[in-house]
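Here is a short briefing for a computational chemist. It runs from backbone geometry to cysteines, the chain interface and one helix.

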Amino acid sequence: MSSFDSLRDPDKCKAVLKLIEEAMQGQTLRFMEVCGTHTVALFRSGVHSLLPKSVVHLTGPGCPVCVTHDSEVAAYLELAKRDDVIIATFGDLMRVPGPGGGSLKKAQAEGARIEVVYSPFDALAVAKNNPGDKIVFLGIGFETTAPTVAATVRLAKEQGLSNFFVMPFHKLVPPALDALLSDPAMAIEGFMLPGHVSAIIGLEPYRPLAEKYGIPAVVAGFEPLDLLQAILLMAEMKRQGKPRVINNYKRVVADEGNPKARAILYEVYKPGDALWRGIGTIPGSGLVMSDAYKPFDAFDALGVELKECKPLPGCRCGEVLKGIMPPNQCPLFAKACTPATPIGPCMVSTEGSCAAYHKYQLDLSPGK
Amino acid sequence: MGKKLLLDQGSGGLASHRLVADVFVRHLGNPILARMDDAALIRPKGPLAVSTDSFTVDPIFFPGGDIGSLAVHGTVNDVAMLGARPLYLTCGFILEEGFELDDLDRIVASMGQAARKAKVKVIAGDTKVVPRGAADKIFINTTGIGEIVVSPAPSGHRARPGDVVIVSGSLGDHGLTVLSHRQGLSFEAPVQSDCASLNHLTLKLVKGLPVVHVLRDPTRGGLATTINEIAQQSNVGVVLEEQAIPVKPVVASGCEILGLDPLYLANEGKIICVLPEKHAAKAISIMRRDPLGRDARVIGRIVSDNPGKVVLRTGLGGHRLLGMLEGEQLPRIC
């Protein structure tokens, strides 16, 4: 049996499920899976359908597309209209609706030049092959993807490229968790911490949160046994009243994270305030270009500004992202808002919680 | 550098005639095509199955096939899924000015080979050459005609509770091959398209078991989309067992890397067969005797619950909805 098979082994999973049921005696656990990939993994593996009802899972702000603010979407859609600009982006953003109903997909049909890339380095190749154009890479993503984008910017500088730019929409996870926990409306009793983000930042940034708010937190992988063990650990810490941060994804995540990736990240970027969809500005939760790399910042170099946008009417993405409302209780869910007609990005992103509920949940009626 | 296609070669004049003789007739020729009348005279026995499809795949050459063999296999398979014996094909080519003549020759030769293997004749064709940029290298349309050999013919409307769902082999091979070559990605183990004509296998199946309710080839949209179409056409529920669905390890891990789901990837050489459970063992034994059905197995059943929906029972015993694909699959951010 390979290690992957072992993490998907039905017997082992059933044994942990039994332990969860025992650990849950007399308590309800409202845990939030921060990462969109965890949301999808919970549904895709069927773990969601097997959990006891006393385990209430809340989806968090961990899908990079979903937390991209309307103003940010409007800004890159505006940029896509320019004749001398080629937008380079990960595929996830293609169908995200902007405040006016536009999207990159629609812009492409109207003639905008858009390249879907698998890596920011591919965007650099686009820049080299089109020296007369300005190539703007949409820097969406958390601590996981930001170091690769930073490495790309550094390479562009080394190679003297003057037509490659990044729109730095990156966001940082720990400040967002702090903002959520400080909201009195929230009732989170455990965090399933993102595996990929943690591989970069390690455990340290989470520890002050666990202490300040007394909340159990487990760094988890994405296989069924990973998910179940994380829930069991949270339930046990809760029952024992000993909240702390546990790394249960040691095969990928080192406790100290990846210092090399962080060094590249903070050479190119520095922390700054960031706008989060449905949450607003969170101080220190974003990344802005450091002074040495300012010429690569699309905002500065191409004169782009974030303009205030009214939230989409009826869209409750903010409450969904904060875990206050399950996706299927949004009045628009599966009615006006479907994957074919998404009102908000949570319904269109492959890691969006609304998309996951719509795609995997058999019963789409409210509350199920 | 080899010779390139000129606009003149689509003009209908002498240059066109030379192209037809040198490339198309040379590789696809047969007595019906050789008559060179405005239309082909054929005398098939009715009722007939007719299907048409256009092929615009990029890249045009990929491990396991090319756009030419795909244009034959794809349409032959569509006709075969009605339990028919495909007999004739027509093909229309839209070619971009400047296209390499050597590549065209290779593609048409591959079509000829695929047609001979499938025992179908190309009886009519058309060639247009459009200015550079007006098409992407080569587009091929094929129409297939076949004789129905069983009545009632298998159809997506005939799935009934109590039937089982059988698949002839591993899923996602073609889709991952084309996607990974389009992006210039390579995996540790090679992936290869399953592109093949399935008509000999389907004929054995429907002749040996005239009780086959549904035959479908899960092309674009993959198993998930095709099985949803069957659920909706027949207004039945489908329960699939995730663990029984064959996906090669290289395809599974390639999909994992790219954030894709193999159940939504295209297949060009696989069959979904739905028939009453009591005939399942015989169907599998017929399929396994053919190289194209070696890995045939039952992957699920038709039920009366949740009509129009497909439920996937996961390896853990949990369940989830397996819906249709919305748009195209795109790689994810992280």
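In this predicted model, B:Pro152 sits in the loop that runs between strand 6 (138-148) and strand 7 (163-167) of chain B. The peptide bond leading into it, from B:Ser151, is cis, with omega near -5°. Further backbone points, the cysteines and the contact with chain A follow.

**Cis peptide bonds in chain B**

- B:Ser151 and B:Pro152 are linked by a cis peptide bond.
- B:Asp58 and B:Pro59 are also joined by a cis peptide bond, and omega there is about 5°.
- B:Pro59 belongs to the loop between strand 1 (48-55) and strand 2 (61-62) of chain B.

**Positive phi outside glycine**

- B:Lys137 is not a glycine, yet its phi is positive, at about 65°.
- The loop between strand 5 (121-130) and strand 6 of chain B holds B:Lys137.
- B:Lys137 has a relative accessible area of 28%, so it ranks as partly exposed, the class between 20% and 50%.
- B:Asn306 is not a glycine either, and its phi is positive at about 45°.
- B:Asn306 lies in the loop between strand 11 (297-303) and strand 12 (310-313) of chain B.
- With a relative accessible area of 34%, B:Asn306 is partly exposed.

**Cysteines**

- The disulfide count over all chains is 0.
- B:Cys195 takes part in no disulfide: the nearest cysteine sulfur belongs to B:Cys91 and is 15 Å away.
- A disulfide needs the two sulfur atoms within 2.5 Å, so B:Cys195 does not qualify.
- B:Cys195 has 11% relative accessibility and counts as buried, because the cut-off is under 20%.
- B:Cys273 is buried too, with a relative accessible area of 0%.

**Interface of chain B and chain A**

- On chain B, 29 residues are in contact with 35 residues of chain A.
- The two chains bury about 2700 Å² between them, and 62% of this area is on carbon and sulfur atoms.
- The interface has 2 salt bridges by the rule used.
- One salt bridge pairs the side chains of A:Arg44 and B:Asp261, at 3.7 Å from N to O.
- That distance passes the salt-bridge rule because the limit is 4 Å.
- There are 4 residue pairs in polar contact across the interface, with both residues of each pair at pLDDT 80 or more.
- Helix 8 (249-258) and strand 13 (319-321) of chain B each provide at least two residues of the side that touches chain A.
- Strand 13 of chain B gives the most to that side, with 3 residues.
- Sorted by class, the side of chain B that touches chain A has 12 nonpolar, 9 polar and 8 charged residues.

**Helix 16 of chain A**

- How many of the 8 residues of helix 16 (residues 353-360) of chain A are buried?
- The count is 7 of the 8, so helix 16 of chain A is largely enclosed by the rest of the structure.
- The buried residues of this helix are A:Ser353, A:Cys354, A:Ala355, A:Ala356, A:Tyr357, A:His358 and A:Tyr360.
- Within chain A, they pack against helix 3 (36-44), strand 2 (55-59) and helix 15 (317-321).
- Strand 13 of chain B is a further packing partner of these buried residues.
- Strand 13 thus links two topics: it packs against helix 16 of chain A, and it gives the most residues to the side of chain B that touches chain A.

Note on methods:
Residues numbered from 1 in each chain as written. Chains lettered and ligands numbered in written order. Predicted model: local features only at pLDDT ≥ 70, side-chain atom pairs only at ≥ 80, totals over all residues. Heavy atoms only, no water. Contact = heavy atoms within 4.5 Å. Buried area = accessible area lost by both parts, 1.4 Å probe. Polar contact = N/O pair within 3.5 Å; in protein donor to acceptor, adjacent residues only side chain to side chain. Helix = DSSP H or I, 4+ residues; strand = E, 2+ residues; numbered from the N terminus. Nonpolar A, V, L, I, M, F, W, Y, C, P; charged D, E, K, R; others polar. Buried < 20%, exposed > 50% of the residue type's maximum accessible area, 1.4 Å probe, protein only.
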